[in-house]
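Hi everyone, thanks for letting me take a few minutes today. Let me put the structure up so that we can walk through it together.

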Amino acid sequence: LSYARDLGQGISATLRGGLEQEWRHDIALRDAFTRDLGLTVSRRSAHGILSLDLALADTDSDARSIARETARVSLGYQWARPVKGMVPRLSLSYQAVAFDQAPAAFWVDPREDREWRLGVDVLLPELDYMGFAPEVGIGLRDRSSNYSLYELRATDLRIGLKSVF
């Protein structure tokens, strides 16, 4: 569920909440129930859209790898007009995840992860075909954990189509 409101002078806010139940057919131990709550505040100007997103989620499960609490903050900016035929979008986010239990029975401390993400996406609206334009993006992720097994540094490349109707 979500509720959006225009706050005036190009500022809008969206409050959202959700419930999700997962029933696994392979192992019932991995069934999960997630509650999430989020708030997005955006400011639109003649140059682009600046947005701040805050999100909290709580996932209950009997599986050690699934039961957790998550908090995330994201900052994004999208240009309003094409720059040399491209519409760039930048995003930066930080996420903290606290698992309810240790990753395995022989470890003591519950797992805790901290992750930074940086993304740059470029939409090519001049190359649209039937209302869809290509979008190319690159993302960087850096996750630290109190268990080195779960630490990660990754780069990803995304190629897709986006509606430009």
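Let's start with some aromatic rings: Phe106, Trp107 and Tyr147 are linked into a cluster by ring pairs. Please keep in mind that this is a predicted model. If you search the whole structure, you find four aromatic pairs. How do the rings of Phe106 and Trp107 sit relative to each other? Their centres are 5.2 Å apart and their planes make an angle of 65 degrees, so we call this pair edge-to-face. The cut-off behind that word is that planes over 60 degrees apart count as edge-to-face.

Now, are these two residues buried or exposed? Phe106 has a relative accessibility of 67%, so it counts as exposed. Trp107 is at 30%, which means partly exposed.

Another ring has a charged partner. Arg111 lies over the face of Tyr150, 3.7 Å from the ring centre. Tyr150 also helps us place Gln101: these two residues are 49 apart along the chain, and 14 Å separates their C-alpha atoms. You will find Gln101 in the loop between strand 6 and strand 7. With a relative accessible area of 29%, Gln101 is partly exposed. Which residues does Gln101 touch, if we skip those up to four places away in sequence? They are Asp62, Arg64, Pro110 and Arg111. That last name is the arginine we just saw over the face of Tyr150.

Let's move on to two glutamates. Glu135 sits in strand 8, which covers residues 132–145. Its relative accessibility is 16%, so Glu135 counts as buried. Here the cut-off helps: buried means under 20%. What does the side chain of Glu135 pair with? There is a polar contact of 3.2 Å between the side chains of Glu135 and Arg89. Setting aside neighbours within four places in sequence, the contacts of Glu135 include Arg89, Asp121, Leu123, Arg158 and Lys162.

The other glutamate is Glu115, which belongs to strand 7. Its relative accessibility is 5%, so Glu115 is buried too. Its side chain makes a polar contact of 2.6 Å with the side chain of Arg117. Beyond four places in sequence, Glu115 touches Ser93, Tyr94, Gln95, Arg141, Asp142 and Arg143. Along the chain, Glu115 and Glu151 are 36 residues apart, while their C-alpha atoms are separated by 9.2 Å.

While we are on polar contacts, have a look at Thr40 in strand 3, residues 32–44. The side chain of Thr40 makes a polar contact of 2.4 Å with the side chain of Asp53. Asp53 also appears in the contact list of Thr40, together with Ser12, Ala13, Thr14, Arg16 and Leu52, once neighbours within four places in sequence are left aside.

Next, empty space. Rolling a probe the size of a water molecule over the atoms shows where such space is left. How many cavities of 30 Å³ or more does the structure hold? There is one, and the largest cavity has a volume of about 30 Å³. Its lining is made by Gln78, Val87, Arg89, Leu123, Glu135 and Lys162. So you have met Glu135 and Arg89 already, as the two side chains joined by a polar contact.

What about pockets? The largest pocket holds about 150 Å³ of space. Among the residues that line this pocket are Ser91, Leu92, Ser93, Arg117, Gly139, Arg141, Asp156 and Arg158. The elements that give two or more residues to this lining are strand 6 (87–99), strand 7 (112–123), strand 8 and strand 9 (152–163).

Finally, a word about the backbone. Most residues other than glycine have a negative phi. Which phi does Gln9 have? It is positive, about 50 degrees, although Gln9 is not a glycine. Gln9 lies in the loop between strand 1 (2–8) and strand 2 (11–22), and at 73% relative accessibility it counts as exposed.

Met130 is another residue other than glycine with a positive phi, near 55 degrees. Met130 is found in the loop between strand 7 and strand 8. With a relative accessible area of 64%, Met130 is exposed.

That's my tour. Thanks for listening, and I'm happy to take questions!

Key
Residues numbered from 1 in each chain as written. Predicted model: local features only at pLDDT ≥ 70, side-chain atom pairs only at ≥ 80, totals over all residues. Heavy atoms only, no water. Phe/Tyr/Trp six-rings, centres within 6.5 Å; stacked < 30°, edge-to-face > 60°. Buried < 20%, exposed > 50% of the residue type's maximum accessible area, 1.4 Å probe, protein only. Lys NZ or Arg CZ within 6 Å of the ring centre and 35° of its normal. Helix = DSSP H or I, 4+ residues; strand = E, 2+ residues; numbered from the N terminus. Polar contact = N/O pair within 3.5 Å; in protein donor to acceptor, adjacent residues only side chain to side chain. Contact = heavy atoms within 4.5 Å. 1 Å grid on protein atoms, 1.4 Å probe; cavity = no way out; pocket = protein on both sides within 12 Å on 5 of 7 lines; lining within 4 Å. Points joined across faces, edges and corners; volume = space filled by probe spheres on them.
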